[in-house]
Structures are given as structure tokens and as C-alpha cells.
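This report describes one protein chain for a reader who has its sequence and structure at hand. Please look at the picture before reading on.

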Amino acid sequence: MTSISVPLEAYLSVAALLFCIGIWGLINSRNAVRVLMSIELMLNAVNINLMAFSSYLDGQEIRGQVYAIFVITVAAAEAAVGLAILLSLYRNRDTVDMERFNLLRW
């Protein structure tokens, strides 16, 4: 059985596309849940880069995989805290529209 080697540029292209979609969703979205999903897309693009460079630069070491697990852990914590904040805001304001959150204004 032969193994097919995927070039590093393919992984970087997919990660760049995913990161750009996340940035676009972060900038253009009014819905807070969609903003959190866009941040998750950006973090997943970072994970793809970590894994690709880890396997490309040092195939025997697992440094990139360890960093990716840390990023996944931070992303899970961010999602849990972000959703808790959104639920609290939804209970108080009855909306998840980012334009209507004016809690910090004078």
C-alpha cells in the first residue's frame, strides 16, 4: 500500500481559507452566537497550521499536537464562558443582537 503525501501548501491554503471565513463572520455578523462560531473557526485554522507544521518540520516529535490540544482546551473554555454570558444577556435583553448590547455605555 502506498501512502499519498499531501503537500504543506494544501494544509496552509485550507487553514488560510478557514481563517478568512472566520474573520469575515466576525466582522459582518450581528448575532453573538455566530461571532462565537467564527472565533472557533479561526482557532481551528490555527490548529490545522500547528498540526501541518508539526508533521512537516519534526515528524517524530509531538510538539505541534501538544500545542493544538492546548488550543482546543482554551477554545472549549471560551465556548463555555461565552455561551454562559450569552444566555445571561438573552435572559435580560431577550435578544442576541450585538448592536443592542449597550450594558457598558453611560
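The text below goes from the whole chain to its helices and then to single residues.

## The whole chain

The model is predicted. The chain averages a pLDDT of 86, and 92% of the residues score at least 70. Among the elements, H1 has the highest mean pLDDT, 95, and H3 the lowest, 88. Where pLDDT is low, the predicted coordinates should not be read in detail.

The secondary structure consists of three helices and zero strands. Read from the N terminus, the order of elements is α-α-α.

How far does the C-alpha trace of the chain span along its principal axes? The spans are about 60 × 30 × 25 Å. The radius of gyration of the chain is 18 Å, whereas a compact globule of 106 residues would have one near 13 Å.

Of the 106 residues in the chain, 23% are buried. The chain exposes about 8100 Å², and 66% of this area is supplied by carbon and sulfur atoms. If one takes the contacts between residues at least 6 apart in sequence, 55% of them join residues at least 24 apart.

## Helix H2

Helix H2 covers residues 32–57, which is 26 residues. From its first C-alpha to its last it reaches 38 Å, close to the 38 Å expected at 1.5 Å a residue. At the start of H2, a side-chain oxygen of Asn31 comes to within 3.2 Å of the backbone nitrogen of Val33.

The buried residues of H2 are Ala32, Val35, Leu36, Ser38, Met42, Ala45, Asn47, Ala52 and Ser54. They pack against two helices, H1 (8–28) and H3 (63–93). An α-helix has 3.6 residues a turn, so residues three or four places apart point the same way.

## Helix H3

What span should the 31 residues of H3 have at 1.5 Å a residue? The expected value is 45 Å, and the end C-alpha atoms of H3 are 44 Å apart, so the two agree.

Buried in H3 are Gly64, Ala68, Val71, Ala75, Gly82, Leu86 and Leu89. These buried residues pack against H2. Just after H3, Asp94 takes a positive phi of about 60°.

## Single residues

The table lists the relative accessible area of five residues, with the class that goes with each value.

| Residue | Relative accessible area | Class |
|---|---|---|
| Trp24 | 58% | exposed |
| Met37 | 53% | exposed |
| Leu83 | 43% | partly exposed |
| Asp58 | 18% | buried |
| Ser54 | 5% | buried |

Trp24 is part of helix H1. Is Trp24 buried or exposed? Trp24 is exposed because its relative accessible area is 58%, and the cut-off for exposed is over 50%. Between Trp24 and Ser5 there are 31 Å from C-alpha to C-alpha, and the two are 19 residues apart in sequence.

Met37 belongs to helix H2. With a relative accessible area of 53%, Met37 is exposed. Its C-alpha atom is separated by 8.7 Å from that of Ala79, although the two residues are 42 residues apart along the chain.

Leu83 sits in helix H3. Its relative accessible area is 43%, so Leu83 is partly exposed. The C-alpha atoms of Leu83 and Leu36 are separated by 8.3 Å, and these residues are 47 residues apart along the chain. Leu36 is among the buried residues of H2.

Ser54 is also located in helix H2. Why does Ser54 count as buried? The reason is its relative accessibility of 5%, as buried means under 20%. Leaving out residues up to four places away in sequence, Ser54 touches Gly59, Glu61, Arg63, Gly64 and Gln65. One of these, Gly64, is itself among the buried residues of H3.

Asp58 lies in the loop between H2 and H3. Because its relative accessibility is 18%, Asp58 counts as buried. With neighbours within four places in sequence set aside, Asp58 is in contact with Phe53 and Arg63. Arg63 is also among the residues that Ser54 touches.

How values were computed. Residues numbered from 1 in each chain as written. Predicted model: local features only at pLDDT ≥ 70, side-chain atom pairs only at ≥ 80, totals over all residues. Heavy atoms only, no water. Helix = DSSP H or I, 4+ residues; strand = E, 2+ residues; numbered from the N terminus. Expected span 1.5 Å × (residues − 1). Buried < 20%, exposed > 50% of the residue type's maximum accessible area, 1.4 Å probe, protein only. Contact = heavy atoms within 4.5 Å. Polar contact = N/O pair within 3.5 Å; in protein donor to acceptor, adjacent residues only side chain to side chain. Rg over C-alpha atoms; globule rule 2.2 N^0.38 Å. Areas by Shrake-Rupley, 256 points an atom, 1.4 Å probe, with all protein chains shown as cover. pLDDT = per-residue confidence, 0-100.
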